[in-house]
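Please find below some notes on the model you sent round. They are set out as numbered points, to be read beside the structure.

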Amino acid sequence: EAENAFYSFPVLLADGMGDVQRYAQKNGVETRPAYRDSAATRDGLQVCRQASSLALRCLLFPLYPMLRKREVEIIAKVLGTLP
């Protein structure tokens, strides 16, 4: 009944994450929004502007011990060449 704890590398982007997500996916790297289920990202909720900005610009990249060498190389390449 244990739940997996996934490791991740948060990246704070200058702008929105749409282009970066598409770029990462195109290169075979699965990402996800860091705060996708937070109150700051819910529609119609009045929250702190800075929290909303952070929530909409922070993207998680995979980072865990079982990554293969090739996967690490691809993730490093994508992070080094983000749009």
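1. Which residue forms a salt bridge with Asp-19, and how far apart are the closest N and O atoms? The partner is Arg-22, and the closest N and O atoms are 2.6 Å apart. This is a predicted model, and the values in these notes should be read with that in mind. Asp-19 and Arg-22 are three residues apart in helix H1, which means that about one helical turn separates them. Both Asp-19 and Arg-22 are exposed.

2. The salt bridges number three in the structure. Another of them joins Arg-70 to Glu-73, at 3.5 Å from N to O. Because Arg-70 and Glu-73 are three residues apart in helix H3, about one helical turn lies between them. Arg-70 is exposed, at 55% relative accessible area, whereas Glu-73 is partly exposed at 38%.

3. Arg-68 and Glu-71 also form a salt bridge, with their closest N and O atoms 3.5 Å apart. Arg-68 has a relative accessible area of 60%, so it counts as exposed. Glu-71 reaches 28%, so it is classed as partly exposed.

4. On the overall layout, the protein chain has three helices and three strands. Read from the N terminus, the elements follow the order β-α-β-α-β-α. Of the contacts between residues at least 6 apart in sequence, 74% are between residues at least 24 apart.

5. The three strands make an open sheet, ordered E1-E3-E2, with antiparallel pairing. Strands E1 and E2 (32-33) are at the edges and have a single partner strand each, so each has one side without a neighbour in the sheet. Between E2 and E3 the antiparallel pairing rests on two bridges. Within the sheet, Pro-33 is placed opposite Leu-59 of E3.

6. Which residues make up the largest nonpolar core? There are eleven: Val-11, Leu-13, Met-17, Val-20, Ala-24, Val-29, Leu-59, Phe-61, Leu-67, Ile-75 and Val-78. Helix H1 (18-26), strand E3 (58-62) and helix H3 (69-80) are the elements that each supply two or more residues to this core.

7. Val-78, one of the core residues, is worth a look for its neighbours. Leaving aside residues up to four places away in sequence, Val-78 touches Tyr-23, Ala-24, Asn-27, Val-29 and Phe-61. Among these, Ala-24, Val-29 and Phe-61 are also members of the core.

8. Gln-25 is part of helix H1. With a relative accessible area of 61%, Gln-25 is exposed. The C-alpha atoms of Gln-25 and Val-78 are 9.7 Å apart in space, while the two residues are 53 apart in sequence.

9. Is Thr-31 buried or exposed? Thr-31 is buried, because its relative accessible area is 15%, and buried means under 20%. Thr-31 sits in the loop between H1 and E2. Beyond residues up to four places away in sequence, Thr-31 is in contact with Gln-21, Ala-24, Leu-59, Leu-60 and Phe-61. Of those contacts, Ala-24, Leu-59 and Phe-61 are listed in the largest nonpolar core.

10. A nonpolar patch lies on the surface, formed by Tyr-7, Phe-9, Leu-63, Tyr-64 and Met-66. Together these residues have about 570 Å² of accessible area. Phe-9 belongs to strand E1 (residues 8-12). Phe-9 has a relative accessible area of 38%, so it is partly exposed. Strand E1 is one of the edge strands of the sheet.

11. Some totals to finish. The protein chain has 83 residues, and 23% of them count as buried. Its accessible surface is about 6500 Å², with 52% belonging to carbon and sulfur atoms.

Definitions and conventions: Residues numbered from 1 in each chain as written. Predicted model: local features only at pLDDT ≥ 70, side-chain atom pairs only at ≥ 80, totals over all residues. Heavy atoms only, no water. Patch = residues over 30% accessible without salt bridge, like charges linked within 9 Å, V, L, I, M, F, W, Y side chains within 5 Å. Areas by Shrake-Rupley, 256 points an atom, 1.4 Å probe, with all protein chains shown as cover. Salt bridge = Lys/Arg side-chain N within 4 Å of Asp/Glu carboxyl O. Helix = DSSP H or I, 4+ residues; strand = E, 2+ residues; numbered from the N terminus. Buried < 20%, exposed > 50% of the residue type's maximum accessible area, 1.4 Å probe, protein only. Core = buried A, V, L, I, M, F, W, Y, C linked by side-chain atoms within 4.5 Å. Contact = heavy atoms within 4.5 Å. Pairing = 2+ DSSP bridges.
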